[in-house]
Amino acid sequence: MKNKIVYSGLLIFALSMLFSNGCGIYTTENVLNPPYSISITEDYLSFYGDNQEDSFIGYNIWYKENSSDTYKLCYYKYNSNTYIKPTLPKDMVDFNGDSANIVYFSDLFPQESDKSFLYLSTYESKKYYFAISSYGINGEESEKVEFGLWPNQ
C-alpha cells in the first residue's frame, strides 16, 4: 500500500511538472529570417535580407576551404574598421529587403590571414565555400544559406 502512495505521489508530481512547463513543447523567441536571393560573382557576394526582428544586429559571413570542413567566421575590413561578429553590422546593410547587399572579396578575410580572399584566390589559387546567416543580440542565428564554391572556374 505504501508503494502505491509513493507511486501516486510521483505520478501527480510528474504530471504537474509536465503541464506547468508547457507539456514539453517550447517556442524559440527571436527566430531570425535568413538572408535570401543570394548570388556570388567573381568579385563579390550579394544577398537580400528581411530582418525586422528586434534582436537582429547584423549578418555573419562564413567560409571553409573544403566541403567537409566546418564553417568559420570571416572578418570584414571597411574604412579602417574590422568586424567579425556580426561580420556586417546592421547599420552597414539594408535589412528591409529593399535592395541587394554587396560584399566585395577584397574586404573579406579569413581569420588566420591578413590577406583578403581576393588576394588568396588570385595569387595563391585558393578556393573557398561561403555562407551567410542573420545574427541576433543574444547570439541567436538563422540557418546558414550557402553561396557555394568560389571562384568556381
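How many Å² does the protein expose, and what share of that area do carbon and sulfur atoms supply? In this predicted model, the exposed area comes to about 9400 Å², and 51% of it is supplied by carbon and sulfur atoms.

Begin with the whole protein in a cartoon view, where you can look for two helices and 11 strands. If you follow the chain from the N terminus, the elements come in the order α-β-β-β-β-β-β-β-β-β-α-β-β. Next, colour the residues by accessible area: of the 153 residues in the protein, 35% are buried. If you then display contacts with a separation of 6 or more, you will find that 63% of them are accounted for by residues 24 or more positions apart.

Now select residues 128-136, which form strand E10, and pick out Ser133 within this strand. Is Ser133 buried or exposed? Ser133 has a relative accessible area of 0%, and because buried means under 20%, Ser133 counts as buried.

Keep Ser133 selected and show its side chain together with those of Trp62 and Glu141. The side chain of Ser133 makes a polar contact of 3.0 Å with the side chain of Trp62, and another polar contact, of 2.4 Å, with the side chain of Glu141.

Finally, extend the selection to the residues that Ser133 touches, leaving aside those up to four places away in sequence. Among them are Pro35, Gly58, Tyr59 and Asn60, as well as Ser142, Glu143 and Lys144; Trp62 and Glu141, the two partners in the polar contacts, also belong to this group.

Note on methods
Residues numbered from 1 in each chain as written. Predicted model: local features only at pLDDT ≥ 70, side-chain atom pairs only at ≥ 80, totals over all residues. Heavy atoms only, no water. Helix = DSSP H or I, 4+ residues; strand = E, 2+ residues; numbered from the N terminus. Buried < 20%, exposed > 50% of the residue type's maximum accessible area, 1.4 Å probe, protein only. Contact = heavy atoms within 4.5 Å. Areas by Shrake-Rupley, 256 points an atom, 1.4 Å probe, with all protein chains shown as cover. Polar contact = N/O pair within 3.5 Å; in protein donor to acceptor, adjacent residues only side chain to side chain.
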